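Look at the model below and follow it from its confidence values to its domains, its core and a few single residues.

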Amino acid sequence: MKHIFLIIGLVSVLTFPAEAKGRPTVISAEIYGYVRDQVYFDFLEKEGINMEFPYKEGQVIEFTVDLDDVTTLVLNTFIEMYLQPGDSIHVKLTYDGKRYESVEFSGTPAAVAICSAINKKEMLQRERRYKTNIPAMLVTQTDAKKFHAATVQEVKDEEKIISEVKDQIDPRVYNMAMAQIEGTLLTNLITYPYASADFHKKKLEDCLAEDYWTALDDYKLRTDEASLRNRVYMAFLLPYKDYMRRKEAHDQGKDYQPLTSLEEQYKDVAAFYKGSLQDAALFVLLYNSITSNGDFNVIEKLVKDYLKKYNKNKEYKKILNQVMQ
């Protein structure tokens, strides 16, 4: 089963105090034991401000950026931080070969709180040897039923870690962090059995946990702006829709036939979701189709329909117009 994750910059309109918007965000880092030549700072929701510096042991790298929104910063692929306009964050990072061994944060209290919590959950995954990458799980022959149980527990434990700092951080930052967890782990929960059955040449029923079809019965989709800015959560909307369609068929004792054409998928997403979820899910579907070199004529027709009937987020429109050129 193939799911293409949306990797783009999204900008939503959020309200920040005027004094915060007017201040630059300060980022600094000192790194030890690193074996590569360059240090990378990637901003996921804001284009044109990624930074790259030559590595020198213990040298402090410092720079400022102008943010207008809550933004995800990823340092050297694996260190994830959420920053707001006016924040200041310093990272002390120690490596053991290619793998980072420890990370310490200092700076704006709220930024330190969320960044430390994110790192805590990442270390929990490492301690448990829990993998979030499906290809890696397939290669290591991860048992689908055992992985299901591990993922259910992982969601609970990671959300608990973020909830412990909820009172210390902005609600938008909290929502974005929770959306990241759910978008990552719930996607794995509902898609891995199918991937395992296909890759490991097993019967699907042998890969489905007893509670697979009820695992998300009490789950409520996130509709707030911050959650729907999170690229992983946006991508989750498509496999979630497929899961629910399969569940409907399963509950009725029927076989589910996956939709094959883009037009059919487009209509089904439009019918399944409403409001901001519909807008986001259709945008992801169309963006993924464009970037995977789908039939341009079909995509062009559907983009026009989407912009006329369903689009509310102006940034989605801007991005689609750019990639269609």
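In this predicted model, confidence is lowest in helix α1, residues 18-21, where the mean pLDDT is 50. Helix α7, residues 262-272, stands at the other end with the highest value, 98. The pLDDT is below 50 over residues 1-19, and this stretch has 57 contacts in the model beyond near neighbours in sequence. Where pLDDT is low, predicted coordinates should not be read in detail. For the protein as a whole, the mean pLDDT is 91, with 93% of residues reaching 70 or more.

Next come the domains. The domain assignment gives domain 1 as residues 1-107, domain 2 as 109-218 + 226-236, and domain 3 as 259-324. Taken over C-alpha atoms, the centres of domain 1 and domain 2 are separated by 22 Å. Domain 1 brings 29 residues to the contact and domain 2 brings 26. About 2,700 Å² of area is buried between domain 1 and domain 2, and carbon and sulfur atoms give 63% of this area.

How many salt bridges are found across the interface of domain 1 and domain 2? The rule finds one there. As for single pairs, the side chains of R229 and D69 meet in a salt bridge, with 3.4 Å from N to O.

Now turn to the inside of the protein. In soluble globular proteins, nonpolar side chains tend to be buried together. Here the largest nonpolar core has 102 residues, and F41, I89 and I114 touch the most other members. Helix α5, residues 171-199, supplies the largest share of this core, 15 residues. Take I89 as a case: leaving aside neighbours within four places in sequence, I89 is in contact with ten residues that can be picked out in the model, V26, I27, S28, M81, L83, F105, S106, A111, V112 and C115.

Another residue to look at is T72, in strand β5, residues 71-75. Is T72 buried or exposed? T72 counts as buried because its relative accessible area is 3%, and the cut-off for buried is under 20%. Beyond its neighbours within four places in sequence, T72 is in contact with D42, F43, L44, E45, E80, M81, Y82 and M176. M81 is thus among the contacts of T72 and also among those of I89.

Finally, return to helix α7. Its buried residues are L262, Y266, D268, V269 and A270. These residues pack against three helices: α6 (231-251), α8 (275-291) and α9 (296-309).

How values were computed:
Residues are numbered from 1 along each chain as its sequence is written. This is a predicted model: local features need pLDDT of at least 70, side-chain atom pairs count only at pLDDT 80 or more; totals for chains, interfaces and linings use all residues. Side-chain values use heavy atoms; hydrogens and water are left out. pLDDT is the predictor's confidence in each residue, from 0 to 100. Helices (H or I, at least four residues) and strands (E, at least two) are DSSP runs, numbered from the N terminus. Contact means heavy atoms within 4.5 Å. A nonpolar core is a set of buried Ala, Val, Leu, Ile, Met, Phe, Trp, Tyr and Cys residues joined through side-chain atoms within 4.5 Å. Buried means under 20% relative accessible area, exposed over 50%, partly exposed in between (1.4 Å probe, protein chains only). Domain bounds come from an automatic or database domain assignment. Buried area is the accessible area (1.4 Å probe) that two parts lose on being put together, summed over both. A salt bridge is a side-chain nitrogen of Lys or Arg within 4 Å of a carboxyl oxygen of Asp or Glu.
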